[in-house]
Amino acid sequence: MDRETIQGQPRRLTPEEREIRNKKIKRKKRIRLAIVITGFALVISLIVCPVVLFALFRVNSFAVEGISPYSKEEIINACGIEKGKSLIFVDIDEAKAAIEKNLPYTDEVVIKRKLPDTLVIRYGETSKSYAVQASGAYALTDSKLKVLELMSDVPEGITLIKGVVPVKAEVGTVMSFIAEKEDKKEDEQVSDRTLDIVLRVLSAIPEEETVNINMIDFSSNNNIYLIYRERVVMRFGESTDIEPRIDLAFRSLAVEIGIDPSVTGIMTSTIPKEASFNPHDPDDIKELVLYNGGEWEEPEIPSMDETQPAETEENEEE
């Protein structure tokens, strides 16, 4: 019966109250039904959609755009994606990494899907600028220290990087100066401090000046220097905040060269916002002597006795 309890006594519901109660019950039933239908539809879509996408959108062609020493066929083969594979589910990041590793002179590879059946591959070209000694050979790298090839000697026009020893110098990858941890977690990031310092120095050097640099020495973290055109040594001091000092040193050197194109000497920029140039003969500059294979002898410092003026006979008589 339609009754409610009021102060312990049952009461019969009025027609209006029964109608309101019935509407609430029907509303709850509709909500439950909607939830069931939505859940069922979601399950069906999760099953059907991937099947439809896999069946309809397959790789049927490649659009290859870029400049490099490799042919379009080599680019397509290196990506590892074959025709007939699902365009939706191909691993874009893996394909990009495969191209840059297997074809080391490629750079800034970008891969995009173009529905319904095309994979677009765009890429640039990198070039060798630096050489780092690694395991009895020289690893030739670009400005990002990506290893492009290994050679027994440093080619003409390539800048030698000294004072760093890579742990890993594999062609097609950026060289590393730290050993990988065996117990490293999957998402753990390990900082390569040496790599960071070298990259910061290389990025601060004006691109047009790279061909004029013979060697960069990182042997001492407090005394980083480079040799410019075999006649100028540029000293930058420690690695902390080194970028603006490098920029200032090159701008100051440009002024000196503008005055005397054959100038030789030492450009020093070890203090923020300060750079000074001291002309010297190349034979009087330690770094240049050692770079050219010579032996450097530290100049003798006069003793105190030698710096005192000699006593004359007149002084003795006095």
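How many salt bridges does the structure hold? I looked that up to begin with, and the structure holds 10 of them. I counted a salt bridge where a side-chain nitrogen of Lys or Arg is within 4 Å of a carboxyl oxygen of Asp or Glu.

**Ground rules**

I am working with a predicted model, where local features need pLDDT of at least 70 and side-chain atom pairs count only at pLDDT 80 or more, while totals for chains, interfaces and linings use all residues. Residues are numbered from 1 along each chain as its sequence is written, and side-chain values use heavy atoms, with hydrogens and water left out.

**Salt bridges, one by one**

I started with glutamate 100, which forms a salt bridge with lysine 96, with 3.3 Å between the closest N and O atoms. Both sit in helix H3 (residues 92–102), four residues apart, so about one helical turn separates them. My helices (H or I, at least four residues) and strands (E, at least two) are DSSP runs, numbered from the N terminus.

I then checked how covered the two partners are. I call a residue buried under 20% relative accessible area, exposed over 50% and partly exposed in between (1.4 Å probe, protein chains only). Glutamate 100 is buried at 18%, and lysine 96 is partly exposed at 30%.

Next I looked at arginine 200 and glutamate 243, whose side chains meet in a salt bridge of 3.2 Å, N to O. This pair links distant parts of the chain, with arginine 200 in helix H4 (residues 193–204) and glutamate 243 in helix H5, 43 residues apart. I found glutamate 243 partly exposed, with a relative accessible area of 26%.

My third pair was glutamate 287 and arginine 235, a salt bridge whose closest N and O atoms are 3.0 Å apart. Glutamate 287 belongs to helix H6 (residues 286–291) and arginine 235 to strand E12, so the pair ties together parts 52 residues apart in sequence. Glutamate 287 is buried at 8% relative accessible area, whereas arginine 235 counts as partly exposed at 25%. I also noted a network: salt bridges that share partners join Lys101, Lys168 and Glu170.

**A positive patch**

Which residues form a positive surface patch? I found Lys24, Lys26, Arg27, Lys28, Lys29, Arg30 and Arg32. Patch residues have over 30% relative accessible area and no salt bridge; like charges are joined within 9 Å, and nonpolar side chains (Val, Leu, Ile, Met, Phe, Trp, Tyr) within 5 Å. Lys and Arg count as positive and Asp and Glu as negative, with His and the chain ends not counted. I picked lysine 29 for a look: this residue is in helix H1 (residues 15–56), and lysine 29 is exposed, with a relative accessible area of 55%.

**An aromatic pair**

I searched the whole structure for aromatic pairs and found one. The ring centres of tyrosine 228 and phenylalanine 250 are 6.3 Å apart and the planes stand at 70°, so I logged the pair as edge-to-face. Tyrosine 228 is in strand E11 (residues 224–228) and phenylalanine 250 in helix H5 (residues 243–259), so the pair ties together parts 22 residues apart in sequence. Rings of Phe, Tyr and Trp (its six-membered ring) pair if their centres lie within 6.5 Å; planes under 30 degrees apart count as stacked, over 60 as edge-to-face and the rest as tilted. Are the two residues buried or exposed? Both tyrosine 228 and phenylalanine 250 are buried.

**Backbone notes**

I came across a cis peptide bond from leucine 115 to proline 116, with omega near 15°. Proline 116 sits in the loop between strand E4 (106–114) and strand E5 (118–125).

I also looked up positive phi values. Glutamate 108 has a positive phi of about 50° although it is not a glycine; I placed glutamate 108 in strand E4, and this residue is exposed at 57% relative accessibility. Arginine 229, also not a glycine, has a positive phi near 50°. I found arginine 229 in the loop between E11 and strand E12 (232–237), partly exposed at 36%.

**Two distances to finish**

Leucine 140 is in strand E7 (residues 137–141) and is buried, with a relative accessible area of 0%. I noted 8.1 Å from C-alpha to C-alpha between leucine 140 and valine 154, which are 14 residues apart in sequence.

Glutamate 297 lies in the loop between H6 and helix H7 (304–307) and is exposed at 66%. The C-alpha atoms of glutamate 297 and lysine 286 are separated by 8.5 Å, with their positions 11 residues apart along the chain.

Notes:
Accessible areas come from the Shrake-Rupley method with a 1.4 Å probe; for residues, only the protein chains shown count as cover. The place of a charge is taken as NZ of Lys, CZ of Arg, CG of Asp or CD of Glu.
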